[in-house]
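This briefing covers how a few neighbouring helices and strands are arranged. Please look at the sequence and the structure first, then read the points below.

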Amino acid sequence: MTKLLTPRIPYDAAETIQSYAARLSFFHTGQGTSRLLEDYEVRPARFAAGHHDEVAKFAAAVGEDISALQAGTVRTYSRYNSFREEDFSRNVLSTHVRQFCPHCLREDGPPAEWRHRLIWCFLPIPDCLRHRSSLVEVTPGDAADIRDAVACVGGLDVAETSTSYAEGGRHLAWLHARLSSSNRPGWLDGQSIEQVLNASEMLGIVLEHGQGARPGRLSRRDRSSALATGFRIYEEGAGAVYGALDEIRRSATATAVHAGPLAMYGALYDWLDRRSQLIAPGPVRDILREHILNHDAYAPGERLLGEPVGKRRLHSVISLAMTLKVNRRRMSRLLQKLGLVPEGATDGESGRLVFPVEEVEQLIKDYETAIPLAQVPDYIGGTQSQTLALYRAGVLPPVIPADAPGAVRRVIFARRVLDDLLSRIGELSPFDDTQREKVLSIGEACQRHGGRTEDLTQAVLAGKIEAFRLPGDTRLHAVRVSVSELAAAGQPGRHVGNRP
């Protein structure tokens, strides 16, 4: 049976398990951690790496609850660390002593009682909330024991003089609460600590330093300030994050037509797209993805932040030009005629515009199934002159409106517009042979009674003059109008379209 250490020194839940082992060894043996661990057949390297069996053996030897010690254990793997069942990058959570608060150590008492706090292991947090001061950074940062770290910076007195005032911020208070509580409902606590810290920091960096900022070139103090700024937004939830992305996008200075999300969102997009492969970034990726899809034109199947786009939401001038196989500049002019692009917009201005799919999907369908002007007479069953008359009068509106003769070089008509005309003709009652002498075609009516094709056709379609059609035919040449009504319309003071 293993003899327990006496006197018993209790574990402090705020410190790392390595710190506790170092305190015990220093008190009982006057030597480093390895001496005590080896006495109890605990392998130092595996204990330092947080292996469960070694921690359990140590807990039994010192008479501590294994679950309490596991809560203070950082498990190290080849590429990342793990703490309380959450994965961490090594540049976020370190098992070595890389920073500390000398004021906290002064309160601990003599060196034998110094504790390496768990919260100091979180490298993005360079402040002490208790003393409102900056932490002292240890370089090169490979000290495994708090006493070695203090010696590296020249002693505790020197370390105390090198600190400065630091407000800390809400993120620091949140982290303290997170480490001391297991009940974690809500938006933030549904995410890992690293996800919250990273998302807050990257959001704050872009807000404070712009899209061109490079996180690696910022000072610890600048990154800490950015983290505090980003956290104040991030803790409010997805809606606040989306609003911050609006602000970030408005502040972007990129003006090129092909400016992508990196130019618009800077380090935040770069992190989510390329630098967050080891540790999942959390919900901020989906929020940014939604924001991009709501502002930029992406085709189905294109990959955005690691996922293929399912359904197109927006079109740009470029994507419309590619879809309709039209020159981009010509597409811009066509959209100006449709009122979707401001009149006189430059290529750059029009190139940055996007349109909801719902606004342009009819244009795309019309364009893809369009019928050229030369083929319209045969399609609707009219002569060339009748077709031109209907076109000029607006009875047959083209896909691209023309504001002057020759303004549109290739006049085309939506098949649905022509089919609507034929459908309305099809609604006319068929006439039989007994009525043949009582009706005239539109061409005959215009020749004998005067008037214009477009006026008579509009009157027929509006039901303002009685008309019939040939049985089995719904095209324009099958329309027959009543002779008696034409005669009545020809009386003084009467006009086609005013039925008696």
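Are helix 23 and helix 24 parallel or oblique to each other? The model is a predicted one. In it, helix 23 covers residues 442-449 and helix 24 covers residues 453-461. Their axes make an angle of about 125°. Angles of 65 to 115 degrees count as roughly perpendicular and angles over 145 as roughly antiparallel, with oblique for the rest outside the parallel range; helix 23 and helix 24 are therefore oblique to each other.

**The helix pair**

- Two packed helices are described by the angle between their axes and by the distance between the axes.
- For helix 23 and helix 24, the axes are 10 Å apart.
- The crossing of these two helices, 23 and 24, is right-handed.
- On the helix 23 side, the residues in contact are I442, A445 and C446, and they meet T453, L456 and T457 of helix 24.
- Sorted by class, this contact has four nonpolar residues, two polar residues and no charged ones.

**The sheet**

- Four strands form an open sheet in the order 14-16-17-15, and their pairing is mixed.
- Strand 14 (429-430) and strand 15 (439-441) are the edge strands, each pairing on one side only.
- Strand 16 (residues 467-469) and strand 17 (residues 479-482) run antiparallel and are joined by three bridges.
- R469 stands opposite V479, which belongs to strand 17.

**Helix against sheet**

- Helix 23 lies across strand 15 and strand 17.
- Relative to strand 15, helix 23 runs at about 100°.

Methods: Residues are numbered from 1 along each chain as its sequence is written. This is a predicted model: local features need pLDDT of at least 70, side-chain atom pairs count only at pLDDT 80 or more; totals for chains, interfaces and linings use all residues. Side-chain values use heavy atoms; hydrogens and water are left out. Axes are lines fitted to C-alpha atoms, for helices over the stretch in contact, and angles run from 0 to 180 degrees between N-to-C directions. Angles under 35 degrees count as roughly parallel, over 145 as roughly antiparallel, 65 to 115 as roughly perpendicular and the rest as oblique. A crossing is left-handed if the near helix is turned anticlockwise from the far one by less than a right angle, and right-handed if clockwise. Contact means heavy atoms within 4.5 Å. Ala, Val, Leu, Ile, Met, Phe, Trp, Tyr, Cys and Pro count as nonpolar, Asp, Glu, Lys and Arg as charged, and the others, Gly among them, as polar. Two strands pair if DSSP finds at least two bridges between them.
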